[in-house]
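Trainee: I should like to go through this structure and ask how each of its labels is justified.
Mentor: Please do; we shall set each value against its definition.

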Amino acid sequence: MPEHEEPRTRQFCPYCDEEMLAPDGAGCQTCGITVFYCPRCRSPVPRDLKKCPECGAEIKGEAA
Ligand SMILES: [Zn+2]
Ligand SMILES: [Zn+2]
């Protein structure tokens with residue numbers, strides 16, 4: 001099957017700037033980190049942070 005590159009929103013790791021291939025909120029394979037996406041501005045937010053550095057929205061990570 002032909003792989004056509006669509007101009008999707010590309011997400012980049014906030015740590016290493018490598019492109020993250022996961023479609024939604026998975027993470028960077030290079031760093032081995034999990035990244036959430038801000039529900040408000042959709043910026044990638046490192047898992048450690050509880051607030052979006054872009055807009056200040058609270059990030060609800062995994063509860064456990
Ligand atoms: Zn990375
Ligand atoms: Zn945000």
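**Strands, pairing and one alanine**

Mentor: Let us begin with arginine 42, which takes a positive phi near 65 degrees in the hairpin of β4 and β5, where six residues lie between the strands. This is a predicted model, in which local features need pLDDT of at least 70, side-chain atom pairs count only at pLDDT 80 or more, and totals for chains, interfaces and linings use all residues. Residues are numbered from 1 along each chain as its sequence is written, while chains are lettered from A and ligands numbered from 1 in the order in which they are written.

Trainee: What makes β4 and β5 a pair of strands?

Mentor: Two strands pair if DSSP finds at least two bridges between them. β4 and β5 have three bridges, in the antiparallel sense, so they satisfy that definition. Within this pairing, phenylalanine 36 stands opposite valine 45 in β5.

Trainee: How do you know that β3 and β4 pair?

Mentor: They are joined over two bridges, again antiparallel, and the definition asks for at least two. Glycine 27 stands opposite threonine 34 in β4, and cysteine 28 has isoleucine 33 as its bridge partner. These two strands form a hairpin with four residues between them, and glycine 32 in the turn has a positive phi of about 75 degrees.

Trainee: Why are β3 and β5 called edge strands?

Mentor: The open antiparallel sheet has the order β3-β4-β5. β3 (27–28) and β5 each pair on one side only.

Trainee: How many helices and strands does the chain have?

Mentor: The chain has zero helices and five strands. Helices (H or I, at least four residues) and strands (E, at least two) are DSSP runs, numbered from the N terminus.

Trainee: Why is alanine 57 called partly exposed?

Mentor: A residue is buried if 20 or more other C-beta atoms, placed from the backbone, lie within 10 Å of its own, exposed if 12 or fewer, and partly exposed in between. Alanine 57 has 14 C-beta neighbours inside 10 Å, and therefore counts as partly exposed. Across the 64 residues of the chain, buried residues make up 12%.

Trainee: What does alanine 57 touch, not counting residues up to four places away in sequence?

Mentor: Its contacts (C-beta atoms, placed from the backbone, within 7 Å) are Cys38, Pro39, Arg40, Lys51 and Cys52. Alanine 57 itself is found in the segment after β5 (44–46).

Terms used:
Two residues are in contact if their C-beta atoms, placed from the backbone, lie within 7 Å.
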